[in-house]
Amino acid sequence: MIVLGLGARSGVPLPAPVLAVLAAAGVEPARIEVLATVDRRAAEPRVRELAAGFGWRVAGFTAAELAARPVPNPSARVAAATGAPSVAEAAALLAAGPGAALLLPKTARDGVTVALAWSGLGGGRPVVDRDVVVHQR
């Protein structure tokens, strides 16, 4: 399972930046199963509409839950704004579950930050390549 972690500034349009990051990573939207973010963003119509448009489930986490998840790229600015040093990476890893690994570290575009995590369940680890996502055994 691949999870998309999402951080975003209030009111910023989501589809174009999210799709641009996925395209740059070589990941088709159909490969994503869950969109994960901070709970207050998960409740926003724009987030729910984005997820519904692609058939993704939505997972929301409190700032405390996000802050408790170690990440490779914490941000003091994000911590000041949300109460957690990471939203996109931490949410992706939390939603992907135990043994999760980042496939794509946080990548920012036009006020939107995206990270991708893999759950470790259900077969070989997917590898993000510039052109394609494949499963290794």
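Trainee: How many aromatic pairs does a search of the whole structure find?

Mentor: Just one aromatic pair turns up in that search. Keep in mind that we're looking at a predicted model.

Trainee: Okay, and how do I read a pair like that?

Mentor: The general idea goes like this: you describe two aromatic rings by the distance of their centres and the angle of their planes. Here, the ring centres of Phe54 and Trp56 lie 4.8 Å apart and the planes are at 20 degrees, so the pair is stacked. Planes under 30 degrees apart count as stacked.

Trainee: Which of the words buried, partly exposed or exposed fits each of these two residues?

Mentor: Phe54 is partly exposed, at a relative accessible area of 33%. Trp56, on the other hand, is buried, with a value of 5%. The cut-off to remember for buried is under 20%.

Trainee: What about nonpolar cores? Which residues have the most contacts inside the largest one?

Mentor: General idea again: in soluble globular proteins, nonpolar side chains tend to be buried together. In this model, the largest nonpolar core has 23 residues, and Leu4, Leu6, Val18, Trp56 and Leu116 have the most contacts inside it. So you've met one of them already: Trp56 belongs to the stacked pair.

Trainee: Which elements give two or more residues to this core?

Mentor: They are the strands β1 (2-8), β2 (32-38), β4 (101-109) and β5 (112-118), along with the helices α1 (15-25) and α3 (45-54). There's also another core lying apart from it, with 22 residues, including Val71 and Ala96.

Trainee: Can we zoom in on Leu4? What does Leu4 touch?

Mentor: Leaving out residues up to four places away in sequence, Leu4 touches quite a list, among them Val18, Leu22, Val34, Trp56 and Leu116. Val18 and Leu22 sit in α1, where they are buried, as are Pro17, Ala20, Val21 and Ala25. Just after α1 comes Gly26, which takes a positive phi of about 75 degrees.

Trainee: Last one: how many salt bridges does a search of the whole structure find?

Mentor: Two salt bridges. The general idea is that side chains of opposite charge can pair when their charged atoms come close. In one, the side chains of Arg41 and Glu44 meet at 2.4 Å, N to O. In the other, Glu44 meets Arg46 at 2.6 Å, N to O. Through shared partners, the salt bridges join Arg41, Glu44 and Arg46 into one network.

Trainee: Are Arg41 and Glu44 buried or exposed?

Mentor: Arg41 counts as buried at 11% relative accessibility, and Glu44 counts as buried too, at 18%.

Notes: Residues numbered from 1 in each chain as written. Predicted model: local features only at pLDDT ≥ 70, side-chain atom pairs only at ≥ 80, totals over all residues. Heavy atoms only, no water. Core = buried A, V, L, I, M, F, W, Y, C linked by side-chain atoms within 4.5 Å. Buried < 20%, exposed > 50% of the residue type's maximum accessible area, 1.4 Å probe, protein only. Helix = DSSP H or I, 4+ residues; strand = E, 2+ residues; numbered from the N terminus. Contact = heavy atoms within 4.5 Å. Phe/Tyr/Trp six-rings, centres within 6.5 Å; stacked < 30°, edge-to-face > 60°. Salt bridge = Lys/Arg side-chain N within 4 Å of Asp/Glu carboxyl O.
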